[in-house]
Amino acid sequence: MSAQLLKNGRVIDPGQNIDGIQDVLIKEGKIAAIAADIHCEDSEQVDCSGLWITPGLVDGHCHLREPGAVHKETIASGTRAAAKGGFTTVLAMANVTPVPATLKDYRKIQSIIEQTAAVHVVQAASVTKDLKGRDLCDMATLAAAGVKVFSDDGYFIDRAAVLYQALKLAAKLDVTLALHEEDTSLKLYWPTAYEPLNEIVAIARDLEILRVTGGKVHFQHVSTARGVELIRKAKREKLSITAEVCPHHLMLTQEAIYTHGTNAKMAPPLRTVEDIAELIKGLDDGTIDLIATDHAPHAEDDKNTVFDLAANGIIGFETALPLMLSELVQRRGFSPSWLIERMSTIPARVFSLPGGSLAEGAPADICVIDPNRQWVIDRQQMASMSRNTPFHGTEVKGAVMQTFVGGKLIYQL
């Protein structure tokens, strides 16, 4: 592979406290140097004037649907969409068929990843067999094989005794449990189906269990102000917890269902302006560690039905960065470095994922961004196989121009 030289870009690498106009030299798929005015005669040069050069984005929560639901998404199509969105590493959830609850089934998915993925994919294993919240998966064998994250995402582990056992074992194995916090008994009862109470009760219960068992917990897609408050208090107690928020919970309120219908149906659901304010405050003060997409592709028929029967979730790979640039950087005034830290550096560190840094010698997983490019999100132009988004027609400012994985250009606008 010949050397590549990205010239005159604004290099933003929060992990190294870099934010300034510099060049980035790539050799043999790795970062060879970052400095002003690098000269390398045998390199392929790219003028990045006016552009940002950042570590590739890292998504700590997505659904790729393969195996089992390849009419919605495949690992190949999903990772192409991820690359288009600037992501170079993604953490895929376990709600596929067969569920990766055994090393045999886990390795089947790994084989597909190795053959078809356009970006780095780290597969999470399930916590329980078949995601039913009853019997634990073979956590010890999977952890011995290198699995670091276990999640039944999409399903609340409703039996406290099961979560207690899982956390005790996870503490022993030094792995993380990523938890979907919506109390099933409340969610299935109509008057409380969409109440914040579902999340609040679940987080409160699981924090109490964690205080007894030890271990590491990651709270997925936090959506309520009270949930943020509970996590903030627990972090002050030095419990080993992290948390994420998704772009849709930072931008849309529950009123969006009147405009976007089932494309605004999420789990957890959209909340209020007051919840959004507290989520952003939590993201700023470190209570919430990172932004994750919860990319959840669905076929048209999954959404084209009555609201209560419609599938939950939206696609997010291709919209996350422009939405967050528009909302958090341009509208609310957070710095570009602040955002990249929460969409790359921190998720890589939290889940021990590849990427998140442009340090010399690191793989050249890079995102090149035009912060001034104005465009309109168009669901028909998505690389994802699915089109379920409430952001169709939204005007945004900021676009991914190039994505490199291991120094290889895999996406270019």
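Contact here means heavy atoms within 4.5 Å, and the structure to be toured with that in mind is a predicted model.

Begin by selecting Asp294, which an unreviewed UniProt entry lists under "active site". Asp294 is placed in the loop between strand S13 (290-291) and helix H11 (300-303), and it counts as buried because its relative accessibility is 9%, where buried means under 20%. Next, show the residues around it: apart from neighbours within four places in sequence, Asp294 is in contact with His61, His63, Asp153, His221, Cys246, His248, Ala267 and Ile314.

Now turn to the aromatic rings, for which a search of the whole structure finds 4 pairs. Select Phe87 and Phe317, whose rings form a tilted pair, 5.9 Å centre to centre and with 50° between the planes. Since Phe87 belongs to strand S7 (residues 87-92) and Phe317 to the loop between H11 and helix H12 (320-331), this pair ties together parts that are 230 residues apart in sequence. Both Phe87 and Phe317 are buried.

Move next to Trp190 and Tyr194, a pair that is edge-to-face because the planes of the rings stand at 90°, with the centres 6.1 Å apart. Trp190 has a relative accessibility of 56% and therefore counts as exposed, whereas Tyr194, at 33%, counts as partly exposed.

Finally, add Phe307 to the selection, as ring pairs link Trp190, Tyr194 and Phe307 into a cluster. With Phe307 still shown, select Lys265 as well: the charged end of Lys265 sits over the ring of Phe307, 5.5 Å from the centre of that ring.

Methods: Residues are numbered from 1 along each chain as its sequence is written. This is a predicted model: local features need pLDDT of at least 70, side-chain atom pairs count only at pLDDT 80 or more; totals for chains, interfaces and linings use all residues. Side-chain values use heavy atoms; hydrogens and water are left out. UniProt positions are given in the numbering used here, feature names are shortened, and annotations may be inferred rather than shown by experiment. Helices (H or I, at least four residues) and strands (E, at least two) are DSSP runs, numbered from the N terminus. Buried means under 20% relative accessible area, exposed over 50%, partly exposed in between (1.4 Å probe, protein chains only). Rings of Phe, Tyr and Trp (its six-membered ring) pair if their centres lie within 6.5 Å; planes under 30 degrees apart count as stacked, over 60 as edge-to-face and the rest as tilted. A charge sits over a ring if NZ of Lys or CZ of Arg is within 6 Å of the ring centre and within 35 degrees of the ring normal.
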